[in-house]
Amino acid sequence: MQFKPSAQAAASADLARQLEQARQEAAYYRDIAKETGRSHLRNMYQLSGLVAELRDIEQRLRESEGRYRSVVENLNVGMMVTVDQKIVFANAAVATALDQSIAEMMSNADPFGYIHPEDRAIVLEHHLKRIKGEAVPETYCFRVLTKRAELRWVEVTGVRIDWRGQLAILNFFVDATERVRSQEIQKRLEQQLVRANKMEALGAFAGGIAHDFNNRMAAVLAYLSMVLHETDPSHPHYEYLARAEKQIRGGSKLTSQLLGYARNKPYQVKPIVLNKLVTEVSETFSQTHKNIHVHLNLHPGLCTVNADPSQIEQALLNLFVNASDAMPNGGELQLTTRNTPHAAMPSGKFQPEPGNYVELQVADSGVGMSAETMDRIFDPFFTTKELGRGTGLGLASVFGIIKGHSGYIDVASQPGQGTTFSLYFPAIIHQAPVEPQEVQREITAVKGSVLVVDDEHRVLETSARMLAKLGFTVHPAGSGREAIEIFRQKAHELDLVLLDMVMPGMGGEEVYRHIKEMRPDARVLISSGFDSSGRMTEVLNQNCDGFLCKPFSLAELSAKVQELLQKG
Amino acid sequence: MKVGTGFSNQGDSRESGRLVAGQALLKGGIEEPSLMLAFCSGRTDAHAFFQGLRSVVGDAVPIIGGSAIGVITNSELSYSGHPCGAMVVQSDRPFLRIASCSDLPESEHQAGRLLAEKLNVQPDDQALLVFYDSIKQPPGDGRPLELNASAPLIAGIETGCANPLPVFGAGLIADYGFNPTIQFCGSHVGTRSAVGAVIGADITPCYRITHGCTPLDGIYHRVTRAEGAVIYELDGEPAVGMINRLYGSREWQKATPVDLLTIGIYQGEKYSGVKESSYVNRLITGVLPESKGICLFEPDIETGAEVQFMIRDSLKMIESARSNSADLMAEIESSGRQALFAIYIDCAGRTAAYSKTAGEEAAEIQKALNRAGCPLLGFYSGVEIAPFLNKSRGLDWTGLLLVMTGS
């Protein structure tokens with residue numbers, strides 16, 4: 001088949017037209033594809049930019065969370081979040097404080113199990129109140145028990161927070177163990193200071209009363225002893241007078257107790273080993289308390305102490321009587337002595353001076369006492385005994401005596417568990433103990449001249465009468481100045497001076513010094529029942545010739561005078 | 001066969017090596033290790049890391065691997081900090097033969113050939129695994145990045161093999177700055193090296209290549225001027241200017257590698273349709289100074305070639321990882337073979353940080369392998385090597401999931 005030229009040209013033109021149209025369509029679709037591609041790329045680029053920004057924000061958030069987590073995890077303050085009484089978050093500080101792993105805490109069926117049983121109820125109450133929004137202390141302390149049952153104190157501060165849509169409590173824990181312990185020590189020290197101040201005040205008060213009583217009883221006893229001396233024992237009043245003298249001596253013991261507590265009574269200390277004294281006193285005690293079995297556990301190599309045996313005897317007897325009262329149906333009394341370094345002493349109760357101590361322990365199997373009672377047992381006039389049976393001065397006296405020996409006293413007791421008193425005396429190891437000497441009690445007539453000095457006219461009068469009765473020519477002086485004046489005039493006539501220590505104006509110590517300046521060999525017998533200045537022991541230690549404690553009887557005066565005069 | 005993996009991300013490189021090796025032995029219940037694969041980031045002191053590995057597995061166990069931008073295991077995935085990972089294999093029978101060569105920069109082809117010759121490939125060998133240094137010359141002082149090309153290396157390997165066999169592997173990069181890399185060459189730490197392993201008859205490698213690129217507009221552009229890995233002109237106009245118009249700005253030039261856009265070479269018949277798996281993609285690693293041209297990861301596009309602009313589609317990328325891994329594991333299961341362990345060689349451009357995706361594509365691989373209970377060690381690489389369209393090729397912006405199976 002052949003095409004005509006015109007038909008061929010027409011077909012060619014048609015093909016060319018179709019080709020051009022196809023080219024145009026291709027260009028058209030190419031442009032569309034280009035535009036679509038560009039649009040797609042630009043949208044993707046924009047989108048990827050947004051995603052990159054989002055990722056950047058996420059990354060910064062993760063870093064921020066990381067920093068926050070790092071802070072929380074490394075905080076030395078414990079953080080714990082509880083929801084519905086379940087621990088949902090805890091940081092390392094809490095876990096360390098409670099000696100548990102975080103996983104252990106989170107999985108614990110009893111999330112409050114770490115709280116001390118006695119504190120659990122109040123902590124739970126605070127927790128529940130805080131959840132309800134009720135008033136509750138923002139911060140409070142309670143005890144916790146670690147995994148190893150170690151007791152610790154924590155201070156917790158709680159706040160209500162939202163935890164993943166749930167009401168929760170965020171608790172901040174601070175280990176307050178050291179602080180609480182410091183506070184307890186501080187409180188104890190403050191209590192000790194208050195007690196010491198109270199004891200000092202009571203001591204001054206008791207000492208003042210005792211001094212006044214003592215002077216009055218000294219006069220009464222002096223008169224009575226003189227009357228008795230001149231009365232025939234067959235006289236119908238002799239028995240009454242003797243009983244009256246006995247009562248006065250009983251009263252004297254009472255004031256002695258008070259003075260012992262007040263620590264104003266002068267001590268005549270000397271090196272002694274407590275074992276012998278303890279044995280003697282316990283034997284005496286056992287004889288009158290058959291239902292109490294005394295056990296001695298005395299250290300054979302016990303150190304020597306500087307002590308006034310009569311005062312220690314007094315203290316021991318008071319403790320024994322106390323033990324006896326605690327064991328109305330009998331029991332065991334364990335007496336122990338041992339050498340103890342200061343480091344082994346209960347430092348929480350007192351701070352002993354460094355050195356070695358002798359410990360004397362008096363332990364009974366009696367009824368014991370409560371902490372409240374223990375807190376007051378050394379208070380004067382405090383007694384748990386029924387009315388009329390106790391003066392409340394026994395243990396106060398013991399306290400004063402031990403303190404007067406620079407010692408310490410401790411007590412341990414629980415109701416039904418008996419009571420143990422521990423007495424600590426500073427040990428000396430270089431002085432040999434001195435054996436006690438028998439004191440002469442018979443009245444012996446003497447001759448000579450005596451200066452008697454006392455500001456209390458009753459005491460001065462009775463002392464002068466007793467001395468006269470002993471055979472002395474008596475020169476009374478009612479004050480220190482008067483005594484110096486008389487001594488100056490009659491210095492070489494006087495065989496003896498009986499000098500009261502506590503006087504207004506020129507005191508006994510100053511008088512003593514003047515006398516010794518005027519006549520160093522003058523014999524001076526110090527007489528006192530009370531030393532408010534606390535310096536009498538110092539005077540006695542200055543090689544004083546002798547001491548006579550008021551009140552004293554004619555026989556006691558006679559014995560002491562004889563002792564002095566025999567010294568030559 | 002027993003296999004275990006370990007991962008660490010800490011600054012103390014020796015301790016990191018000790019940790020990952022220890023974890024791998026523990027997880028695999030391994031008492032006598034036969035082989036270790038190990039990868040560490042560019043911030044890791046590779047020698048110290050290697051010593052750490054040796055302190056656990058001893059001196060006799062061959063260690064192959066090297067630098068990686070990041071590491072992937074069954075439970076870990078990281079490309080920040082100091083990521084390191086290792087896989088330890090215990091086998092009753094030898095299943096790998098290992099060799100290395102260090103003259104890679106002189107000639108990739110010669111290095112490939114020498115490597116293959118050392119490996120002495122046998123007729124029943126199943127495949128060859130190769131890890132090589134991607135960095136011929138780091139960028140700097142106005143000098144562009146120079147890369148060791150995968151194509152001549154593979155060609156060299158094929159030349160050196162008496163019997164043709166599939167090649168799998170990776171071009172290693174240590175960081176996004178394209179700094180020098182190291183290779184674990186069996187007995188020592190090498191540089192500028194290639195290390196290879198021949199997989200013996202007992203092991204059958206199964207694999208999938210994950211993609212995620214689609215044509216931007218379907219338009220073919222002719223390369224009118226190219227030298228090595230640099231394309232200067234497309235359709236007779238500067239390639240950079242053309243891309244500027246596509247983006248609508250010059251901002252894209254700041255990113256290395258370039259965001260979103262790749263260069264695609266369609267391996268099928270022109271205009272026959274769009275099949276994602278028929279494209280070989282090349283990442284644009286950057287722009288030459290003064291915007292003279294664009295640099296590609298491989299120097300295998302010559303003047304006269306027809307290319308297309310491809311767009312990296314993050315959704316497709318994740319979907320590709322998900323479907324390919326699931327399909328592969330299902331195929332292995334249905335074949336009755338046992339998945340012994342898996343290696344995932346993932347292009348560093350596919351990380352979420354560089355693909356600007358919310359999720360990690362490699363997480364899909366982890367899920368599939370974890371479902372199958374198959375130990376996984378993966379790493380982020382520069383180039384992925386795998387048989388593709390009947391030929392072993394170097395690929396870009398792909399993920400190669402290689403699962404070693406046994407009967």
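Visitor: Before we start, what counts as a helix or a strand here?
Guide: Helices are DSSP runs of H or I with at least four residues, and strands are runs of E with at least two, numbered from the N terminus; please keep in mind that this is a predicted model.

Visitor: OK, so how many helices and strands does chain B have?
Guide: By that reckoning, the secondary structure of chain B comes to eight helices and 28 strands. The radius of gyration of chain B is 20 Å, close to the 22 Å that the globule rule gives for 407 residues, so chain B is as compact as a globular protein of that length.

Visitor: And what does the C-alpha trace of chain B span along its principal axes?
Guide: The spans are about 65 × 50 × 45 Å. Within chain B, buried residues make up 61% of the 407 residues, and of the contacts with a separation of 6 or more, 78% come from residues 24 or more positions apart.

Visitor: Where does Glu227(B) sit, then?
Guide: Glu227(B) belongs to strand S17 of chain B, which covers residues 221-227. Its relative accessible area is 46%, and because the partly exposed class runs between 20% and 50%, Glu227(B) counts as partly exposed. Gly293(B) is 66 residues from Glu227(B) in sequence, with 9.8 Å between their C-alpha atoms.

Visitor: Switching to chain A, which domains does the assignment give?
Guide: The assignment gives domain 1 (32-73), domain 2 (78-175), domain 3 (206-267 + 440-568) and domain 4 (274-428).

Visitor: How far apart are the C-alpha centres of domain 2 and domain 4 of chain A?
Guide: Those two centres in chain A lie 47 Å apart.

How values were computed
Residues are numbered from 1 along each chain as its sequence is written. Chains are lettered from A and ligands numbered from 1 in the order in which they are written. This is a predicted model: local features need pLDDT of at least 70, side-chain atom pairs count only at pLDDT 80 or more; totals for chains, interfaces and linings use all residues. Side-chain values use heavy atoms; hydrogens and water are left out. The radius of gyration is taken over C-alpha atoms; the globule rule is 2.2 Å times the number of residues to the power 0.38. Buried means under 20% relative accessible area, exposed over 50%, partly exposed in between (1.4 Å probe, protein chains only). Contact means heavy atoms within 4.5 Å. Domain bounds come from an automatic or database domain assignment.
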